[in-house]
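Reader: I am new to this structure. Please take me closely through one part of it, the helical core of the first chain, and show me how that part connects to what lies around it.

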Amino acid sequence: MLDKKEQKKNDIIECSLELFASKGFYNTTIPDIAKALKMSVGNMYNYFKSKDMLAKEIIKFISIYLGKELKKINEQDISTEEKTRKIVEIYFKIALARPEMIDYFLRIYLSNREVFKDGCEGMICVNEFVTEIMIYFEEGVAVGDLRDQDFFSAFGLFMGYLGGMVFLKGEDILPKALDEYITDISYNIYKALSV
Amino acid sequence: MKKKVKVLWITGLACNGNTHSFLNYPNLEQFLDNFEFIYHPILESKYTLEDIVSFTIDCDVLLIEGSLSPEIEKADKKLFSIINDYSKVVSKIITVGTCATFGGIFRDSEYENISGLHFDETLEVDTFRKIKNKTISISGCPIHPELLVNTLYAIKNEIALKLDEYLRPKEYFAYTIHNGCTRNEYFEYKVDNHQFGKKEGCMFYDHGCQAPFTHGSCNKILWNEVNSKTRAGQPCMGCTEPTFPKSNLYKTKKNMGIPANLPLGIAKRTYLTLAGVTKAFKINRLEKDIFDD
């Protein structure tokens, strides 16, 4: 159970996540978030000293959320091919159920690096998520399913692909629902990465 | 005069590297005031190899160097039967070096059933099980002379040594070679821009260094009292371990950029989390030559 302060912090994160994703980071102010939560602006600052700080907390929150889901997949006793499909499935599932999360990742975190340069150097703020992807890759190579290569060439292929599809979906360009692409995309990714 | 401890040094299939390494012990004269070799392959000794195999001469400690095989003979006598005879009279046996302990590089030779005295790499060998309680392993390729000499003094002074699962004294083998390495800062911040022989850079990430998962005291008890492989700019090759020698010793085995062998006892998830954090920082001081302004 989260204590009261932690619970409130979580509420602020969830609410601002939605606002940032729908109105844009720069178009959303702390008073907007306070208003949506029926809090005073002064009280908001008791939880987060600045909007930038809130922005960093949100990306960590998303990374932990995604990381936990991927960890469940990594810990299953299944083939790398099956894991690949499950990662694609969960990513699209989250993109549908919590579009604000993936939107935030793609449209705020990756597009406003100046906000994150202090305190989110490198991959620090997405560590939980990236760690699980690393484990998926490392174990895939160790059991002989995946071809050994540079981490980022594999990471870019996998995550760039999924991010791109969700982005297209967000732009209403995809003719079909996201989950209709799961089989083909999982096949493509595994085929590209396997030995 | 005090009674000297009588020591027999016999050799199986070996390059004699341990014999030579032992000669680097700086206080050999003092050592020989306390210990006497009834036979040693290159030091002057009272008996010849023929004497050693013809009789069972009174002796306190048996030192075995080199890999063992039932085929090997010394002065026309099976090495196995020499070991059997002497193991009955001595109070302690020391396997000197990685070959005598685990089989080592000669496991790839054409002799049959090559192994160490009690281990074939990590597997236990049954042949000499009865004398296992007398044995201490000093692994290494070669052994560090101080580790052998200190162990002999411990035997002389009847000090009970705590041993690890491969019978190695914990005093020297409970540590990793990483312990005391002068490149620790580079390890901490994942900086491996190393060039062989240079002072800068950690060699774990690209250059094959096995120090974080190899047991030993090379960086605590220095070689020739001054240096170690990693201090001099060479990767640790894991020479004290049952798996020695592996191949590709100058290159870190990686899976998708992640080291296949992690620091001892560190879970993969923990390591990757930590590595992700430290890798994010660029420490300028560690990126340039130490003596640069």
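Author: What follows starts at one helix and works outward. Keep in mind that this is a predicted model.

Start with helix H4 of chain A, residues 51-74. H4(A) has 24 residues. Its first and last C-alpha atoms lie 34 Å apart, close to the 34 Å expected at 1.5 Å a residue.

Now look at its buried residues. They include A:Leu54, A:Ile58, A:Ile59, A:Ile62, A:Leu66 and A:Leu70. The list is not purely nonpolar: A:Glu57, A:Ser63 and A:Asn74 are buried too. Several helices of chain A help to cover these residues, including H1 (4-23), H5 (80-97), H6 (99-109), H7 (113-116) and H8 (127-142).

Take A:Ile62 as a close example. Leaving aside neighbours within four places in sequence, A:Ile62 is in contact with A:Met101, A:Tyr104 and A:Phe105.

Step back to the core. The largest nonpolar core has 49 residues. A:Ile58, A:Ile59 and A:Ile62 are among those with the most contacts inside it. So are A:Val88, A:Tyr104, A:Ile133 and A:Phe137. The elements giving two or more residues to this core are H1, H4, H5, H6, H8, H9 and H10 of chain A. Another core, of 42 residues, lies apart from it. Among its members are B:Val7, B:Ile10, B:Cys99 and B:Ile136.

Next comes H9(A), one of the contributors to the largest core. Its 20 residues should span 28 Å at 1.5 Å a residue, and its end C-alpha atoms are 28 Å apart, so the two values agree. Within H9(A), A:Ala154, A:Phe158, A:Leu162 and A:Val166 are buried. The buried residues of H9(A) pack against H5, H6, H8 and helix H10 (182-193) of chain A. After H9(A) comes A:Asp172, with a positive phi near 60 degrees.

Finally, follow the chain outward to its partner. In chain A, 19 residues are in contact with 14 residues of chain B. Two elements give two or more residues to chain A's side: H8 and helix H9 (151-170). H8(A) supplies the largest share, nine residues. By type, that side of chain A divides into eleven nonpolar, four polar and four charged residues.

That links the parts. H8(A) helps to cover the buried residues of H4(A). H8(A) also gives residues to the largest core. And H8(A) gives nine residues to the side that touches chain B.

How values were computed:
Residues numbered from 1 in each chain as written. Chains lettered and ligands numbered in written order. Predicted model: local features only at pLDDT ≥ 70, side-chain atom pairs only at ≥ 80, totals over all residues. Helix = DSSP H or I, 4+ residues; strand = E, 2+ residues; numbered from the N terminus. Expected span 1.5 Å × (residues − 1). Buried ≥ 20, exposed ≤ 12 C-beta atoms within 10 Å, placed from the backbone. Contact = placed C-beta atoms within 7 Å. Core = buried A, V, L, I, M, F, W, Y, C linked by C-beta atoms within 7 Å.
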